[in-house]
Amino acid sequence: LKAGSDINAEDSADRLAVHVAMRNGYFQTAAFLNNYRAELGAQPKGYERRSRKAEGLAQMLSSRLSESEFLTKANEIFTELGYFSQKERVDKKRTIGALLAVYWIVANQYDAFVRGQADDVRMTKDSWDRLQDWTHRTVELTKSNTTVSAMLVYVAIMNLGKIKPFRVAFAPEEDSPTEALARVLSRSPILVPSFAKLEPETQQIILSALKADFNFGQF
């Protein structure tokens, strides 16, 4: 930085130095970089345009995208999945499971959704059909790619507050993982690029869901 390196330079995956630091477990370094960038008051060029990557993934869900292809795309698009270390492997597994749940529901893949369920507790096809009707007609989750992408981003980032180094570095005053994440998104959204690149209206939907303490597991 003293030699004049650009704090807002992005790599080929549209990641800033602050994101790369967190993906390698250096959250205090990321906090320093974030504060330094804030002092400069300059936004990265990539953030002057809104990313369509999550929306593009949402569109692919209706085009016979395979499960493995979906997971590969999700890991490429959602930088935040790399913030989890081995210590948070359970929370990362839950996050991946939530992303898959959205994929299975939107793509209407009943067999994949129930394959891990024991016979005595397996969701019936009738219940699945009612879930599909509720998803499409009642809450209209699939009414647009924007709505689906908002859900994908939400589930991709919803467990970030459970990463203790992340919480300590950026929201030390908050004990609740959900409140810590909400504070980070409100105060320094650039730390969560999948959220930061959404349209303001979509960001508000996600913030509202966090404040309502929406339980995706119960969903």
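These are my notebook entries on one helix pair and a set of salt bridges in a predicted model.

**Entry 1: α4 against α5**

I started with helix α4, residues 67–77, and helix α5, residues 89–106. Their axes come within 11 Å and cross at roughly 130°. I noted α4 as oblique to α5, because that angle falls outside the ranges for roughly parallel, roughly antiparallel and roughly perpendicular. The crossing of α4 and α5 is right-handed.

Next I listed who makes the contact. From α4 I found Glu 67, Phe 70, Leu 71 and Ala 74. From α5 I found Ile 96, Leu 99, Leu 100, Tyr 103 and Trp 104. Sorting the residues of this contact gave me 8 nonpolar, no polar and 1 charged.

**Entry 2: a look at Glu 69**

While in α4, I also checked Glu 69, which lies in that helix. Is Glu 69 buried or exposed? Neither label fits: its relative accessibility is 41%, so I put it down as partly exposed, between the 20% and 50% cut-offs. I then took a distance across the model: the C-alpha atoms of Glu 69 and Pro 165 are separated by 31 Å. Along the chain, the two residues are 96 apart.

**Entry 3: salt bridges**

How many salt bridges does the structure hold? I have 11 in my list, and I went through some of them.

Lys 53 and Asp 14 came up with their side chains meeting at 2.8 Å, N to O. This pair links distant parts of the chain, with the two positions 39 residues apart in numbering. Lys 53 sits in helix α3 (residues 53–60), while Asp 14 belongs to the segment before α1 (17–23). Both partners are partly exposed: Lys 53 has 39% relative accessibility, and Asp 14 has 21%.

Asp 119 and Arg 122 form another salt bridge, and their closest N and O atoms are 3.3 Å apart. Here the partners fall into separate classes: Asp 119 counts as exposed at 66%, whereas Arg 122 counts as partly exposed at 34%.

Then I turned to Lys 125 and Asp 129, whose salt bridge has its closest N and O atoms 3.0 Å apart. Where do these two residues lie? Both are in helix α7 (residues 125–138), 4 residues apart, which is about one turn of the helix. Lys 125 is partly exposed at 43%, and Asp 129 is partly exposed at 39%.

My last note is on a group: Glu 173, Glu 174, Arg 183 and Arg 187 are joined into one network by salt bridges that share partners.

Conventions: Residues numbered from 1 in each chain as written. Predicted model: local features only at pLDDT ≥ 70, side-chain atom pairs only at ≥ 80, totals over all residues. Heavy atoms only, no water. Axes fitted to C-alpha atoms, helices over the stretch in contact; angles between N-to-C directions. Parallel < 35°, antiparallel > 145°, perpendicular 65-115°, else oblique. Left-handed = near helix turned anticlockwise from the far one by under 90°. Contact = heavy atoms within 4.5 Å. Nonpolar A, V, L, I, M, F, W, Y, C, P; charged D, E, K, R; others polar. Buried < 20%, exposed > 50% of the residue type's maximum accessible area, 1.4 Å probe, protein only. Salt bridge = Lys/Arg side-chain N within 4 Å of Asp/Glu carboxyl O.
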